[in-house]
Amino acid sequence: MTTHTEMHTPGPWTVHTLANGQHTVCGPIATAGYEAAVAQIPSEPTIFDAATRATNAALIAAAPETARKLAALLEAAEDAHDMLDEFNAEHGGHPLCYW
């Protein structure tokens, strides 16, 4: 099994929107007790409309949870692969190859 470590500001990340439409994605700084900016989506100049900018900010803010879920899926896939290897070692061959 591979160990996946986080190399980013821990979540949850939140989106703060200023009156001018700028979105700032912030993550907690546990040792300091406050949030710090992780990313900013400017209001101007941009070719993206307000809804697209808000959606982009939400996608960025979802990154820590998405990374956590991906790591869990990778671990499950590795475990399944290991189980299949064990089965093959015990039963000689891949079960899907029997016709």
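These are my notebook entries on a predicted model of a protein.

**Entry 1. Overall layout**

I began with the secondary structure. I found two helices and three strands. Reading from the N terminus, I wrote the order down as β-β-β-α-α.

Next I looked up the totals. The protein has 99 residues, and 16% of them are buried. I noted an accessible surface of about 7200 Å². Carbon and sulfur atoms account for 64% of that surface. I then took the contacts between residues at least 6 apart in sequence. Of these, 29% join residues at least 24 apart.

**Entry 2. Before the first strand**

I checked the peptide bonds ahead of β1. Gly 11 and Pro 12 are joined by a cis peptide bond, with omega about 0°. Pro 12 sits in the segment before β1.

**Entry 3. β1 and β2**

I moved on to the strand pairing. Strand β1 covers residues 14–17, and strand β2 covers residues 23–29. The two pair in the antiparallel sense, and I recorded four bridges between them.

Which residue of β2 is the bridge partner of His 16? I found Thr 24 there.

I then looked at the hairpin of β1 and β2. Five residues lie between the strands. Gly 21 takes a positive phi in this hairpin, near 95°.

**Entry 4. β2 and β3**

Strand β3 spans residues 34–41. How many bridges join β2 to β3? I recorded seven, and the strands run antiparallel. β2 therefore pairs with β1 as well as with β3, each pair meeting the rule of at least two bridges. As one example of the register, I noted Val 25 opposite Ala 39 in β3.

This pair also forms a hairpin, with four residues between the strands. Gly 33 in the turn has a positive phi of about 80°. I placed it in my notes beside Gly 21, which has a positive phi in the hairpin of β1 and β2.

**Entry 5. His 23**

I picked His 23, which lies in strand β2. Is His 23 buried or exposed? Its relative accessibility is 7%, so His 23 counts as buried, the cut-off being under 20%.

I listed what His 23 touches, leaving out residues up to four places away in sequence. Among them are Val 15, His 16 and Thr 17. The list also includes Ala 39, Gln 40 and Ile 41. Further on along the chain, His 23 touches Ala 50, Arg 53, Ala 54 and Ala 57.

I also took the C-alpha separation of His 23 and Ala 58, which is 9.4 Å. These two residues are 35 apart along the chain.

Then I checked the polar side of His 23. A polar atom of its side chain lies 3.5 Å from the backbone oxygen of Gly 21.

**Entry 6. Thr 24**

I took Thr 24 next, also placed in strand β2. At 10% relative accessibility, Thr 24 counts as buried.

What does Thr 24 touch, beyond residues up to four places away in sequence? I found Thr 14, Val 15 and His 16 among its contacts. The others I noted are Ala 37, Ala 39 and Gln 40. His 16 is also its bridge partner, as I had recorded above.

**Entry 7. Helix α2**

I checked the length of helix α2, residues 63–91. Its 29 residues should span 42 Å at 1.5 Å a residue. The end C-alpha atoms are 41 Å apart, so the two values agree.

I looked just past the end of the helix. Gly 92 follows α2, and its phi is positive, near 65°.

**Entry 8. Salt bridges on α2**

I counted two salt bridges. I took Arg 68 and Glu 65 as one pair, with N to O at 2.5 Å. Both lie in helix α2, three residues apart, about one turn of the helix.

Glu 65 also forms a salt bridge with Lys 69. Here the closest N and O atoms are 3.9 Å apart, which falls within the 4 Å cut-off. Glu 65 and Lys 69 both lie in α2, four residues apart, again about one turn. I wrote the three residues down as a network of salt bridges: Glu 65, Arg 68 and Lys 69.

How accessible is each member? Glu 65 has a relative accessible area of 36% and is partly exposed. Arg 68 is partly exposed at 44%. Lys 69 is partly exposed at 47%.

Conventions: Residues are numbered from 1 along each chain as its sequence is written. This is a predicted model: local features need pLDDT of at least 70, side-chain atom pairs count only at pLDDT 80 or more; totals for chains, interfaces and linings use all residues. Side-chain values use heavy atoms; hydrogens and water are left out. The expected span of a helix is 1.5 Å times one less than its number of residues. Buried means under 20% relative accessible area, exposed over 50%, partly exposed in between (1.4 Å probe, protein chains only). Contact means heavy atoms within 4.5 Å. Accessible areas come from the Shrake-Rupley method with a 1.4 Å probe; for residues, only the protein chains shown count as cover. A salt bridge is a side-chain nitrogen of Lys or Arg within 4 Å of a carboxyl oxygen of Asp or Glu. A polar contact is a pair of N or O atoms within 3.5 Å; within protein, one must be able to donate a hydrogen and the other to accept it, and residues adjacent in sequence count only if both atoms are side-chain atoms.
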